[in-house]
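Explain how this chain is built, starting from its sheet and ending with its aromatic side chains.

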Amino acid sequence: MTTVDGLASWWTQDTDGDGNVGGVIRFRFEPGGFDMKVLEAQPSERVRWEVVDGPEEWIGTQIRFEIKQEDGFTIVLFRHEGWKEPVEFMYHCSTKWATFLMSLKKLIETGKGEPAPHDVKISNWH
């Protein structure tokens with residue numbers, strides 16, 4: 001969750017940048033991409049980014065992953081928060097995040113995720 005290689009293994013293969021606090025990570029997909037400023041990066045605990053470039057609806061939103069251990073399981077609590085209004089694209093993104101979180105689960109369990117461009121396509125927004 002805190003390294004460019006790790007993120008490229010489950011979200012999008014076209015990932016580069018600096019995963020340290022204050023750095024910017026660039027995530028690219030076929031229809032475009034996002035630049036995220038790293039606000040927090042505590043391996044095995046918490047990652048928080050702010051979208052600084054990408055689709056207008058995403059700019060200023062925050063992505064958060066909190067990781068905890070419970071009863072022998074690893075729990076990942078995910079949030080994409082701070083949307084200005086509940087536009088249609090937000091609902092699409094919620095569903096798409098689910099496919100990428102399943103890719104993360106697959107990566108952890110099998111060693112191989114399904115990052116873009118090998119992800120499950122759900123609409124013309126990909």
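The paragraphs below take up the sheet, one pocket and the aromatic rings in turn.

The model is a predicted one. Its open sheet has six strands, ordered β1-β2-β3-β4-β5-β6, and the pairing is antiparallel. At the edges stand β1, residues 14-17, and β6, residues 73-81, each of which pairs on one side only. From one strand to the next, the twist averages 25 degrees. Strands of a sheet are held in such pairs through backbone hydrogen bonds, in either a parallel or an antiparallel sense.

The walk along the sheet can begin at β1. This strand is joined by four bridges to β2, residues 24-29, and the two run antiparallel. Within this pair, Asp 16 has Arg 26 of β2 as its bridge partner, and Asp 14 stands opposite Arg 28 in β2. The two strands form a hairpin with six residues between them, and in the turn Gly 22 has a positive phi of about 95 degrees.

On its other pairing, β2 is linked to β3, residues 32-42, by six bridges, and these strands also run antiparallel. The hairpin that joins β2 to β3 passes through two residues. Phe 29 of β2 stands opposite Gly 32 in β3.

In a regular strand the side chains alternate between the two faces of the sheet. In β2, the covered face holds Ile 25, Phe 27 and Phe 29, while the uncovered face holds Val 24, Arg 26 and Arg 28. Both arginines named above as partners across from β1, Arg 26 and Arg 28, thus belong to the uncovered face. Phe 27 and Phe 29 of the covered face return below among the aromatic residues.

Further along the sheet, β4 (residues 46-53) and β5 (residues 62-70) pair in the antiparallel sense over five bridges. Here Trp 49 has Ile 63 in β5 as its bridge partner.

The edge strand β6 also helps to line a pocket. The second largest pocket encloses about 320 Å³ of space. Residues that line this pocket include Met 1, Ile 67, Phe 73, Val 76, Phe 78, Leu 101, Lys 105 and Glu 109. Two or more lining residues come from each of β6 and α2, the helix of residues 88-110. By class, the lining of the second largest pocket consists of nine nonpolar residues, one polar residue and two charged residues.

The aromatic rings complete the account. The model has 17 aromatic pairs. One of them joins Trp 10 and Trp 11, whose ring centres are 6.2 Å apart and whose planes meet at 15 degrees, so this pair is stacked; the cut-off for stacking is under 30 degrees. Trp 10 counts as buried because its relative accessibility is 1%, and Trp 11 counts as buried because its value is 2%; the limit for buried is under 20%.

Trp 10 and Trp 11 belong to one aromatic cluster that also takes in Phe 27, Phe 29, Phe 34, Trp 49, Trp 58, Phe 65, Phe 78, Trp 83, Trp 97 and Phe 100. The cluster therefore brings together residues met at several earlier points: Phe 27 and Phe 29 from the covered face of β2, Trp 49 from the bridge to Ile 63, and Phe 78 from the pocket lining.

How values were computed:
Residues numbered from 1 in each chain as written. Predicted model: local features only at pLDDT ≥ 70, side-chain atom pairs only at ≥ 80, totals over all residues. Heavy atoms only, no water. Phe/Tyr/Trp six-rings, centres within 6.5 Å; stacked < 30°, edge-to-face > 60°. Buried < 20%, exposed > 50% of the residue type's maximum accessible area, 1.4 Å probe, protein only. Pairing = 2+ DSSP bridges. Axes fitted to C-alpha atoms, helices over the stretch in contact; angles between N-to-C directions. 1 Å grid on protein atoms, 1.4 Å probe; cavity = no way out; pocket = protein on both sides within 12 Å on 5 of 7 lines; lining within 4 Å. Points joined across faces, edges and corners; volume = space filled by probe spheres on them. Nonpolar A, V, L, I, M, F, W, Y, C, P; charged D, E, K, R; others polar.
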